[in-house]
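Here are a few short exercises on helix packing and pockets. Have the structure open and try each one before reading its solution.

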Amino acid sequence: MTIDSDRNPTPLQWAVRLLRAEAVALALVAAWLVWADLTAETTDLPSALLVTAFALGGTAALWVLGGALGRRRAGARAPAIVLELMLLPVGWYMIQGGLGWLGLPLMALGLGVSALLVSPPTTRALGF
C-alpha cells in the first residue's frame, strides 16, 4: 500500500469545498441582485450597481481562493481567512436585525472554515 503524498489533507479539502459552496451561494445572491436591479420600479442605480458588483466580486474571490488553496498556494490562505472572518460582523448584524436563524450559522461557518485553514494538517500542506 502506498500513500499519495500529493493528496490534500482532509481539513484543506473541506475548506476548499466550503469556500466553493460559499461562492456558489453568493453567485445566487448576485443573480438575484441583478434581477432586482433590472426589475425595480424605483432605485438608486449607483448604489444598486455597487452592491451587485460587490457580490459578484466576492463570488469571484471565493472561487479563485478555493482553487488556489486546492493547488496548495500558501498565499491564498490569509485572504481566505479574512473573507471568512468578515462573516462574523455580517452574522452579528443579522442577529441584531432579527435574522438569528441565518446569522448564527454564518458566524459558525466563518469560524469553522478559518479553523480548517489554520489546522496543523493544512498548515503543513501549505508549507508553513
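**Exercise 1.** Is the crossing of α1 and α2 left-handed or right-handed?

*Solution.* Keep in mind that you're looking at a predicted model. Start with the geometry: helix α1 covers residues 10–39 and helix α2 covers residues 45–70, and their axes come within 8 Å and cross at roughly 160°. Angles over 145 degrees count as roughly antiparallel, so α1 is roughly antiparallel to α2. As for the hand, the crossing of α1 and α2 is left-handed. Now sort the residues of this contact by class: you get 18 nonpolar, six polar and three charged.

**Exercise 2.** Work out how α3 and α5 pack, and list the residues that make the contact.

*Solution.* First, the axes of α3 and α5 lie 8 Å apart, at an angle of about 160°. That pair is therefore roughly antiparallel. Next, the hand: α3 passes α5 in a left-handed crossing. On the α3 side, the contact uses Arg-77, Ala-80, Ile-81, Glu-84 and Leu-85. From α5 come Leu-109, Gly-110, Val-113, Ser-114, Leu-117 and Val-118. By class, that's seven nonpolar, two polar and two charged.

**Exercise 3.** Which element gives the largest share of the lining of the largest pocket?

*Solution.* The largest pocket holds about 740 Å³ of space. It is lined by 21 residues, and closest to its centre are Leu-26, Leu-62, Leu-87, Val-90 and Leu-106. Two or more lining residues come from each of α1, α2, α3 (77–85), α4 (87–96) and α5 (100–118). The winner is α2, with six residues. To finish, check the chemistry: the lining has 17 nonpolar, two polar and two charged residues.

Methods
Residues are numbered from 1 along each chain as its sequence is written. This is a predicted model: local features need pLDDT of at least 70, side-chain atom pairs count only at pLDDT 80 or more; totals for chains, interfaces and linings use all residues. Side-chain values use heavy atoms; hydrogens and water are left out. Axes are lines fitted to C-alpha atoms, for helices over the stretch in contact, and angles run from 0 to 180 degrees between N-to-C directions. Helices (H or I, at least four residues) and strands (E, at least two) are DSSP runs, numbered from the N terminus. Angles under 35 degrees count as roughly parallel, over 145 as roughly antiparallel, 65 to 115 as roughly perpendicular and the rest as oblique. A crossing is left-handed if the near helix is turned anticlockwise from the far one by less than a right angle, and right-handed if clockwise. Ala, Val, Leu, Ile, Met, Phe, Trp, Tyr, Cys and Pro count as nonpolar, Asp, Glu, Lys and Arg as charged, and the others, Gly among them, as polar. On a 1 Å grid over the protein atoms alone, a cavity is a set of points where a 1.4 Å probe fits but cannot get out, and a pocket is an open set with protein on both sides within 12 Å along at least five of seven lines; lining residues have an atom within 4 Å of a point. Grid points are joined across faces, edges and corners, and a volume is the space filled by probe spheres set on the points. Contact means heavy atoms within 4.5 Å.
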